[in-house]
Amino acid sequence: MTDPPGLDVATTLPALAYHDEDWFRRERDAIFAATWQLAGFRAQLAAPGDYVRHDVAGRSIVVLVDEGGALRAFHNVCRHRAGPLVADEGGHGSVIVCGYHGWTYGLDGALLRARDFGDATDFDSADFGLWPVAVDEWRGLVFVRIAPEGRGLMETLGDLVDRCADQPVERLVYSHRVSHDVDANWKTYTDNYGEGYHVPFVHPELHRQIDARNYRVEVHDHWVEHTAPTRAGAVTAGLWLWAFPNLGLNFYPEGMNVERWLPLGSRRTRVVYDFFFADPTPAAATANAEIERLGVEVLAEDRRICEAVQRNLEAGVYTRGRLSPRHENGVFAFQGWVRDALATYAASVGSASVGSSSSDSEFTQ
């Protein structure tokens with residue numbers, strides 16, 4: 001086997017990767033089902049009966065606290081006729097009741113009652129418990145893995161854990177969530193996130209706060225660290241980390257912004273910000289609001305450029321581009337990890353099982 005080309009000769013993913021429906025279907029299993037996805041926070045899952053709903057790439061998961069205080073996760077799918085069990089983002093309940101026909105499940109996922117079902121032959125409620133999903137937590141961040149087999153959470157996080165060791169995550173207080181939808185493929189947004197090359201042209205206020213000429217991206221094992229010298233008084237000072245495929249951990253002296261981007265389809269992505277602050281009292285409200293204001297402003301600027309790029313990726317003129325050896329090592333690493341995940345998936349299921357309107361080589365080169 002030959003080594004993959006280096007960054008000095010690297011080309012981008014093909015344009016079809018950003019809008020082809022079959023490519024996106026592969027990513028659902030090869031990437032978003034196979035990786036640990038941040039689903040919520042222990043701050044939202046404190047007591048038995050607390051639950052959150054997590055949706056990613058067309059699949060919906062319910063994460064809850066059972067009667068013994070342990071975390072459990074299930075597909076948000078009733079075993080009767082696939083009705084959604086939970087419609088809101090989170091809440092509390094002693095049981096789970098499907099809103100379609102009223103089937104009721106315990107917090108352990110067992111079917112407790114098939115409402116007014118009648119005398120069915122060969123029907124045992126024990127055979128109709130909810131489909132479980134792997135769940136684990138790290139420092140109050142709760143993750144799920146849809147694929148039944150794979151590496152554990154801590155093994156997956158690897159030395160990212162050590163890089164965050166001196167951050168006071170547990171002392172931060174959950175504040176609130178901000179969500180925005182972007183009319184672009186999730187990888188369009190990730191490519192943009194993976195470099196600081198665009199900062200002088202897209203983010204004028206951020207550019208005033210940092211020295212963009214010395215913006216650096218350091219690549220690790222499926223995670224990267226962004227650094228840039230900050231100017232006096234900058235609210236952006238801190239630690240900026242990103243983990244494959246879609247998790248940003250942005251630490252500031254006053255708090256933390258946990259960022260996720262969740263595919264809603266091949267051409268649409270939801271970006272979710274969850275804010276945590278060291279001091280949630282009114283006395284710190286001005287400083288906390290400034291962190292949020294700049295974060296949301298940068299997101300709005302990224303949204304505009306990503307949506308414009310997405311339109312051009314679908315226009316049929318652009319097929320592939322070249323990556324900057326100086327600035328786009330993070331993009332290069334990300335796109336390589338996408339290729340690797342798709343190649344591993346294709347090998348595991350066999351090309352005949354996948355079904356594609358495009359050749360297999362387009363998905364891995």
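Q: Which residues lie nearest the centre of the largest cavity?
A: This is a predicted model. Its largest cavity holds about 440 Å³ of space. The lining counts 24 residues. Nearest the centre lie Tyr 193, Leu 206, Trp 240, Asn 250 and Val 298.

Q: Which element gives the largest share of the lining of the largest cavity?
A: Elements that give two or more residues to this lining are helix 4 (186–193), strand 15 (247–252), strand 16 (255–265) and helix 7 (285–313). The largest share is five residues. That share comes from helix 7.

Q: How many charged residues does the lining of the largest cavity have?
A: Sort the lining by class. Nonpolar residues number 13 and polar residues eight. The charged residues number three.

Q: What is the volume of the second largest cavity?
A: The structure holds three cavities of 30 Å³ or more. The second largest is lined by Thr 190, Tyr 193, Gly 194, Val 224, His 226, Trp 242, Gly 330 and Phe 334. Helix 4, strand 13 (223–227) and helix 8 each give two or more residues to that lining. The volume of this second largest cavity is about 50 Å³.

Q: How many charged residues line the second largest cavity?
A: Its lining divides by class into four nonpolar and four polar residues. The count of charged residues is zero: there are no charged ones.

Q: Which residues are closest to the centre of the largest pocket?
A: The largest pocket contains about 640 Å³ of space. Its lining has 34 residues. Closest to the centre are Ala 34, Thr 35, Arg 151, Thr 156 and Phe 244.

Q: Which element gives the largest share of the lining of the largest pocket?
A: Five elements need weighing, each giving two or more residues: helix 1 (21–32), strand 1 (37–41), strand 10 (141–145), helix 2 (153–157) and helix 8 (329–349). By class, the lining has 19 nonpolar, eight polar and seven charged residues. The largest share is six residues, and the element is helix 8.

Q: Which element gives the most to the largest nonpolar core?
A: This core has 63 residues. Ile 31, Val 63, Tyr 189, Trp 242 and Val 338 touch the most other members. The top contribution is seven residues, from helix 8.

Q: Which residues does Val 63 touch, not counting residues up to four places away in sequence?
A: Val 63 belongs to the largest nonpolar core. The residues it touches include Asp 50 and Arg 72. The others are Ala 39, Leu 45, Tyr 51, Val 52, Leu 71, Ala 73, Val 135, Val 142 and Val 144.

Q: Why is Leu 249 counted as buried?
A: Leu 249 sits in strand 15. Leaving aside neighbours within four places in sequence, it contacts Trp 138, Leu 141, Cys 164, Leu 239, Trp 240, Leu 241, Asn 257 and Val 258. Buried means under 20% relative accessible area. Leu 249 counts as buried because its relative accessibility is 3%.

Q: Is Cys 164 buried or exposed?
A: Cys 164 is in contact with Leu 249. Its relative accessibility is 0%. Cys 164 is therefore buried.

Q: How many disulfides does a search of the whole structure find?
A: Take Cys 98, which is buried at 4% relative accessibility. Its nearest cysteine sulfur, that of Cys 78, is 3.9 Å away. A disulfide needs sulfur atoms within 2.5 Å, so Cys 98 is in no disulfide. Across the whole structure, the number found is zero.

Conventions: Residues are numbered from 1 along each chain as its sequence is written. This is a predicted model: local features need pLDDT of at least 70, side-chain atom pairs count only at pLDDT 80 or more; totals for chains, interfaces and linings use all residues. Side-chain values use heavy atoms; hydrogens and water are left out. On a 1 Å grid over the protein atoms alone, a cavity is a set of points where a 1.4 Å probe fits but cannot get out, and a pocket is an open set with protein on both sides within 12 Å along at least five of seven lines; lining residues have an atom within 4 Å of a point. Grid points are joined across faces, edges and corners, and a volume is the space filled by probe spheres set on the points. Helices (H or I, at least four residues) and strands (E, at least two) are DSSP runs, numbered from the N terminus. Ala, Val, Leu, Ile, Met, Phe, Trp, Tyr, Cys and Pro count as nonpolar, Asp, Glu, Lys and Arg as charged, and the others, Gly among them, as polar. A nonpolar core is a set of buried Ala, Val, Leu, Ile, Met, Phe, Trp, Tyr and Cys residues joined through side-chain atoms within 4.5 Å. Buried means under 20% relative accessible area, exposed over 50%, partly exposed in between (1.4 Å probe, protein chains only). Contact means heavy atoms within 4.5 Å.
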